[in-house]
Amino acid sequence: MNDRKIGHSAGSGFKKAKMRSAMALFLASTFVLAGCGKDKTKTMKTQNASLTEYGGLTAEDNKERTCYEVFVYSFADSDGDGIGDLKGLTKKLDYINDGDPKTTSDLGCTEIWTMPVFPSPTYHKYDATDFMDIDSQYGTMEDFEALLSECHKRGIKLIIDLPLNHTSNSHPWFTEAATYISSLKEGEKPDSSKCKYVDYYNFQEQAHSGYEHLSGDWYYEARFWSGMPDLNLDEPQVKEEIKEILYFWMDKGVDGFRLDAVTSYYTEEKDKSIDFTGWVNDTVKAKNPDAYIVGEAWADQSIYSEYYRSGADSFFDFGFSGQDGVIASVVRGAKKASYYAEQLVKEEELYYEIAPDTAINAPFYTNHDMARSAGYYAYDDGSKAKLAGAMNLLATGNAFIYYGEELGMRGSGKDENKRLAFPWTTDSSSELSSLVCRGPADADKVEQKYGSFEEQEKDEYSIYNYYKNAIRIRNAFPAISKGRTEIIDSLTGDKTCGFTRKIEGIDGEDVLIVINTGEDEVKLDMADASEYKKLAAFLTVAKDAPKLKSGKLTLPGYGIAILTK
């Protein structure tokens with residue numbers, strides 16, 4: 001049993017981070033990191049935010065990281081065929097994290113989650129035909145090994161997506177089983193001694209909800225669609241196959257797994273799905289206790305919180321995500337700013353009660369199944385997109401960013417539109433143009449409102465540069481990702497919320513976070529938080545900077561201030 005609590009850890013990794021506390025930084029009025037270290041007050045002003053003395057958290061310190069979700073197909077193309085590939089991702093790792101904390105040209109993410117990379121007949125590749133190989137569109141196993149090696153050189157953890165509750169209907173297990181079932185004479189029952197794979201799936205002789213027709217009177221379970229037959233997870237040999245798959249990738253060096261659709265392991269049987277998730281987690285941790293597991297339990301918080309009983313590290317925090325989630329509701333004005341802080345406290349208490357020694361929150365704002373967030377706010381000039389992104393990154397745990405959100409990418413409707421090509425550039429003469437993918441074939445043409453990476457990189461007030469700064473703030477203050485939230489009532493109301501973030505058992509590293517969710521400047525009396533005397537960092541959407549003077553905090557519209565003692 002370790003001493004890790006909800007969203008925080010008091011282990012040696014934190015102590016290293018504490019010793020490396022960040023020094024002063026100022027970036028074009030949008031971001032300041034000032035005097036975070038104990039006797040370090042030097043302030044550097046530069047348009048490019050040289051982080052020569054930055055020493056924030058790394059992936060080696062803990063599991064409370066900042067993870068970048070990548071759809072390889074649409075991210076970066078290395079060979080000119082229009083399809084993103086592993087070599088392209090490897091080539092652009094420095095965009096995600098170059099491994100050097102002294103530079104500011106990278107996002108600073110400390111973990112990457114790749115959507116499925118297995119051979120598959122579809123563009124999305126959630127229907128694998130072989131769980132222990134690489135899809136030829138993406139490259140080779142050697143390319144994957146090179147990617148993993150380069151990630152680890154930079155201190156980036158790599159987790160891969162595993163859809164374990166189904167295969168492709170082109171998977172050899174299924175094709176052999178289906179051929180055998182179709183050959184049975186009327187009244188003849190399946191015999192696993194003649195085809196062992198017949199027990200890998202769920203076949204029956206009558207139509208039933210969630211089943212697809214195979215031939216004659218035979219049907220097979222396929223809850224998602226006919227091309228994804230569900231595995232029979234009660235079959236011991238299926239578990240042995242899954243164990244082999246898990247250990248295959250762990251032997252390659254992957255740092256963990258994203259478990260797809262854990263609520264679908266057993267349809268409408270929550271406890272069995274939780275138990276199977278626990279078996280996967282135990283199987284992984286038996287080989288590597290430091291491996292990271294995050295599960296997709298797309299349900300209400302009251303449901304997905306129960307999955308922490310499995311012992312798995314994290315489950316995606318759907319309550320805060322999407323256009324109707326906590327973050328968007330507050331940024332849109334449908335909910336008060338206080339609602340954000342209240343829900344942070346509520347979920348921390350909930351997860352702590354269920355799994356005090358293992359649970360790590362997994363906040364995210366959007367993912368590959370959701371409409372892009374740039375479409376959530378009508379007539380937004382980017383200010384609300386920025387604020388919402390920061391609110392995700394200010395939650396505890398391991399925070400996830402879907403590729404392109406840091407550019408304010410747009411895309412909604414069918415799935416292909418949510419997985420568009422990453423816009424490195426719109427200039428065909430640019431060196432970056434060779435990286436641009438064509439994206440899913442059936443996607444609509446979507447104009448990107450906020451411009452390409454190449455354009456935003458040059459704009460100090462772009463969404464891209466805002467995200468970089470927000471990630472650096474998150475990395476610089478361990479309490480943000482590892483602490484517990486306590487609301488300051490006098491700072492919290494309709495348009496503002498103020499709360500502390502403290503790590504149990506460790507003094508001196510707590511922070512006060514104050515957020516203005518409105519467009520107008522506010523002046524707040526800091527009497528109830530007077531011990532927080534130092535404006536250590538801030539994020540703003542324009543030139544106006546916060547001011548802390550004579551016990552009053554002036555915070556511009558959509559501004560965020562981080563204060564320390």
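**Exercise 1. Cysteine sulfurs**

Task: Determine how far the sulfur of Cys109 lies from the closest cysteine sulfur, and why no bond forms there.

Solution.
Step 1. In this predicted model, the cysteine sulfur closest to that of Cys109 belongs to Cys67, at 7.7 Å, which is too far for a bond.
Step 2. A disulfide requires two cysteine sulfur atoms within 2.5 Å.
Step 3. The structure accordingly holds 0 disulfides, and Cys67 is in none.
Step 4. Cys109 counts as buried, because its relative accessibility is 0%. Cys67 is likewise buried, with a relative accessible area of 0%.

**Exercise 2. The parallel sheet**

Task: State in which order the 7 strands of the open parallel sheet are arranged, and identify which strands form its edges.

Solution.
Step 1. The order is β12-β11-β10-β6-β5-β4-β13, and the pairing is parallel.
Step 2. The edges are β12 and β13, each of which pairs on one side only.
Step 3. Within this sheet, strand β4 (residues 66-70) runs parallel to strand β5 (residues 111-114), and 4 bridges join the two. Glu69 stands opposite Trp113 in β5.

**Exercise 3. Strand β11 and its neighbours**

Task: Describe how strand β11 is paired with β10 and with β12, and decide whether the faces of β11 are covered or open.

Solution.
Step 1. Strand β10 (residues 256-259) pairs with β11 in the parallel sense, over 4 bridges. Gly256 is placed opposite Tyr292 of β11.
Step 2. Between these two strands the chain passes through helix α8 (residues 270-287), and the resulting β-α-β crossover is right-handed.
Step 3. Strand β12 (residues 314-315) is also parallel to β11, to which 2 bridges join it. In β12, Ser314 is the bridge partner of Val294.
Step 4. Both faces of β11 (residues 292-295) are covered. Tyr292 and Val294 are buried on one side, and Ile293 and Gly295 are buried on the other.

**Exercise 4. The antiparallel sheet**

Task: Give the order of the 3 strands in the open antiparallel sheet, and name which strands lie at its edges.

Solution.
Step 1. The strands follow the order β7-β9-β8 with antiparallel pairing.
Step 2. The edge strands are β7 (203-204) and β8 (211-215), each pairing on one side only.
Step 3. Two strands of this sheet, β7 and β9 (residues 218-221), pair over 2 bridges in the antiparallel sense. Here Tyr219 in β9 is the bridge partner of Gln204.

**Exercise 5. Aromatic pairs**

Task: Classify the ring pairs Phe75 with Trp424 and Phe174 with Tyr201, and locate their members in the chain.

Solution.
Step 1. The whole structure contains 43 aromatic pairs.
Step 2. In the pair of Phe75 and Trp424 the ring centres are 5.3 Å apart and the planes stand at 65°, so this pair is edge-to-face. Planes over 60 degrees apart receive that label.
Step 3. Phe75 belongs to helix α2 (residues 72-75) and Trp424 to the loop between β13 (399-402) and α13 (453-457), so the contact ties together parts 349 residues apart in sequence. Phe75 and Trp424 are buried.
Step 4. The rings of Phe174 and Tyr201 have centres 5.0 Å apart and planes at 80°, so this pair too is edge-to-face. Phe174 is in helix α6 (residues 172-183) and Tyr201 in the loop between α6 and β7, 27 residues apart. Both Phe174 and Tyr201 are buried.
Step 5. Phe75 and Trp424 also belong to one aromatic cluster, whose members include Tyr68, Tyr95 and Phe453.

**Exercise 6. Charges over rings**

Task: Identify which residue lies over the face of Tyr138 and which lies over the face of Tyr352.

Solution.
Step 1. Lys125 lies over the face of Tyr138, at 5.0 Å from the ring centre.
Step 2. For Tyr352 the residue over the face is Arg484, at 4.9 Å from the ring centre.

**Exercise 7. Two tyrosines with positive phi**

Task: Decide whether Tyr379 and Tyr558 are buried or exposed, and state where each is placed.

Solution.
Step 1. Most residues other than glycine have a negative phi.
Step 2. Tyr379 has a positive phi, near 60°. Its place is the loop between α11 (337-354) and α12 (383-393). Tyr379 is exposed, because its relative accessible area is 83%.
Step 3. Tyr558 also has a positive phi, of about 60°. Tyr558 is in the loop between β20 (552-555) and β21 (560-564). Tyr558 counts as buried, because its relative accessibility is 11%.

How values were computed: Residues numbered from 1 in each chain as written. Predicted model: local features only at pLDDT ≥ 70, side-chain atom pairs only at ≥ 80, totals over all residues. Heavy atoms only, no water. Buried < 20%, exposed > 50% of the residue type's maximum accessible area, 1.4 Å probe, protein only. Pairing = 2+ DSSP bridges. Right-handed = clockwise from strand over helix to strand, strands pointing away. Phe/Tyr/Trp six-rings, centres within 6.5 Å; stacked < 30°, edge-to-face > 60°. Lys NZ or Arg CZ within 6 Å of the ring centre and 35° of its normal.
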